[in-house]
Amino acid sequence: METKQVKAYGKESVTQPLHEMTISRRAIQPHDVEFEVLYCGICHSDLHQIKNDFSHTMWPIVPGHEIVGRVTAVGGHVKGFKVGDLAAVGCIVDSCGHCEYCEDGIEQFCDEGVTFSFNSEDKVSGGHTFGGFSKTYVCNEKYVLKMPSFENLAAAAPLLCAGITVYSPLKHWGAAPGKKVGVLGIGGLGHLAIKIAKAMGAEVIVFTTSPNKVEDAKRLGADEAVLSSDAEAMSKYNRKLHFIIDTVSAKHDVNTYLNLLRPDGSVVLVGLPPEALEIGAFNVVSGRKSFSGSNIGGIAETQEMLDFCFKHNIVAESEIINIDYVNTAFERLEKGDVHYRFVIDMASLNQ
C-alpha cells in the first residue's frame with residue numbers, strides 16, 4: 001500500500017524517552033479523511049502503553065487518542081467532511097461493522113475487536129496504528145467525529161477519551177434531575193464527571209482523599225464534597241445515592257461506597273486499578289445493589305457527548321504544553337502532578 005512520511009513523536013523501546021521521529025501513514029483511501037493534528041490530549045492510558053504496562057505495546061509507538069484537527073484532504077467517496085472542517089478522532093478507528101454490537105452503535109464491544117487509534121493492528125495497511133502525537137492523522141470517515149467549534153479548542157481535546165468515558169455511564173445509569181450522583185476521585189476523569197453530571201441536572205456529591213480538592217470540587221460545580229476519611233461526613237450519605245461513578249485507578253475499598261447506595265443503586269468503575277477489588281457479598285445483596293464497569297463509548301454516543309459539552313460549555317481544565325515538554329508531562333502525570341489534563345499544542349512539532 002502507498003504510504004506517506006509524517007513527522008511524529010514516539011519511541012522504539014521502553015527505555016527511550018519520547019523523541020521526534022518519522023512514521024509512515026497510509027495514503028488516503030476512498031473513504032478516508034486526512035487532517036492536520038492541532039491538539040492532542042495526554043491520557044493515563046498513553047502512559048501505560050509507553051511503559052508497556054499491559055505487555056502488548058507494539059514498537060515503535062506514537063501515543064495519543066484525544067486528537068483534534070482540521071481536514072486537509074478527503075477520499076473520493078467521503079460525504080460528511082470537506083477540506084477545512086474541524087474533525088476529531090478518539091479511541092476507536094475501526095471495527096467489524098457487522099456484528100450485533102457494531103450495528104447497535106456500541107462499537108467498543110465489537111465481537112471481532114476494535115482497532116484503536118494507536119498501538120493496534122491496522123487492518124487496512126497491515127501494519128499498526130500510530131496516534132495523535134503527529135503532524136497528520138488518517139482515518140475512515142465512519143470513525144471521524146465532527147468537532148464543534150469550542151472557544152477553547154485545545155481544552156476540548158480530552159473530551160475524546162476522558163469525556164466519553166464518564167458521559168457514557170452517566171447517561172446509561174440515568175444521571176438526571178432528582179438523582180443523587182456520587183463522583184469518587186477528582187482527576188482527569190472525575191473533574192469532567194462533575195461538570196457533565198451537573199449539566200445533566202443531577203445533584204453531585206464528590207468523595208476525595210485529598211483535603212485540597214474539597215474546595216476545588218465545589219468550584220467545578222459539585223453540590224457537596226466529602227473527605228472519605230471523615231466517617232461522620234460519609235455516614236450522612238448512607239443509602240442516599242442513586243449512582244456512584246468511580247474514577248479511581250488505585251486499589252481502594254469499594255464496599256465503603258456500596259453502602260452509600262440506595263436500593264438498586266450501582267457503583268460503576270471507570271478507573272483501572274492494577275489489583276483486584278474485593279466485594280463483600282452482603283454489600284451487594286442487601287438493597288439489590290450492583291458493582292459495574294464502563295469504558296469509552298461508541299462513535300454516535302461520542303458525537304452526542306461532544307455536542308452536549310459544546311452546548312453546555314464544558315471542556316477539561318487543561319495545561320497546554322509544547323511537544324518538547326512531553327517527557328516531563330508524563331513524569332508529572334505519573335506523580336499525579338497535573339491540574340487536570342495535559343494537552344499538546346501540535347503546532348510546536350513544526351518548530
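A cavity is a set of grid points where a 1.4 Å probe fits but cannot get out. The exercises below apply this and related ideas to a predicted model.

**Exercise 1.** Establish how many cavities of 30 Å³ or more the structure holds, and describe the volume and lining of the largest cavity.

*Solution.* Begin with the search of the whole structure, which finds one cavity of 30 Å³ or more. Next take the volume, which for the largest cavity is about 70 Å³. Then list the lining, which is made up of G90, C91, I92, Y143, L145, L160, I164, I296, G297, I299 and T302. Finally sort these residues by character: eight are nonpolar and three are polar, while no charged residue takes part in the lining of the largest cavity.

**Exercise 2.** Describe the second largest pocket by its volume, its lining and the elements that contribute to that lining.

*Solution.* The space in this pocket comes to about 360 Å³. Its lining consists of 23 residues, and those closest to the centre of the pocket are R26, D122, V124, S125 and V138. Turning to the elements, two or more lining residues come from each of β2 (19-26), β6 (92-94) and β8 (136-140), and β8 gives the most, with four residues. By character, the lining of the second largest pocket divides into seven nonpolar, 10 polar and six charged residues.

**Exercise 3.** Work out how far helices α4 and α5 are covered, and what follows each of them in the chain.

*Solution.* Take α4 (residues 162-172) first, where nine of the 11 residues are buried, including I164, V166, Y167 and L170. The partners against which the buried residues of α4 pack are β10 (180-184), α5, β13 (241-246), β14 (261-269), α10 (299-311) and β17 (341-345). Just after α4 comes G174, with a positive phi of about 80 degrees.

Now take α5 (residues 188-199), whose 12 residues span 17 Å from first C-alpha to last, close to the 16 Å expected. This helix is also mostly covered, with 10 of its 12 residues buried, among them H191 and K195. Just after α5, G201 has a positive phi of about 100 degrees.

**Exercise 4.** Locate the cis peptide bonds at P60 and Y340, and compare the surroundings of N119 and D264, two residues with positive phi that are not glycine.

*Solution.* For the first bond, W59 and P60 are joined in cis, with omega near -5 degrees, and P60 belongs to the loop between α1 (44-50) and β4 (67-74). For the second, the bond between H339 and Y340 is cis with omega about -5 degrees, and Y340 sits in the loop between α11 (326-335) and β17.

Phi of N119 is near 60 degrees, and N119 lies in the loop between β7 (115-116) and β8. Because buried means under 20% relative accessible area, N119 counts as buried at 7%. D264, by contrast, has a phi of about 70 degrees and is part of strand β14. Its relative accessible area is 47%, so D264 is partly exposed.

**Exercise 5.** Test whether the overall dimensions of the protein agree with those of a compact globule.

*Solution.* The protein has 351 residues, for which a compact globule would have a radius of gyration near 20 Å; the protein has 20 Å, and therefore agrees. Along the principal axes, its C-alpha atoms fill a box of roughly 65 × 40 × 40 Å. As for its make-up, the protein contains 11 helices and 17 strands, and 54% of its residues count as buried. Lastly, consider contacts between residues at least 6 apart in sequence, of which 66% join residues at least 24 apart.

Notes: Residues numbered from 1 in each chain as written. Predicted model: local features only at pLDDT ≥ 70, side-chain atom pairs only at ≥ 80, totals over all residues. Heavy atoms only, no water. 1 Å grid on protein atoms, 1.4 Å probe; cavity = no way out; pocket = protein on both sides within 12 Å on 5 of 7 lines; lining within 4 Å. Points joined across faces, edges and corners; volume = space filled by probe spheres on them. Nonpolar A, V, L, I, M, F, W, Y, C, P; charged D, E, K, R; others polar. Expected span 1.5 Å × (residues − 1). Buried < 20%, exposed > 50% of the residue type's maximum accessible area, 1.4 Å probe, protein only. Contact = heavy atoms within 4.5 Å. Rg over C-alpha atoms; globule rule 2.2 N^0.38 Å.
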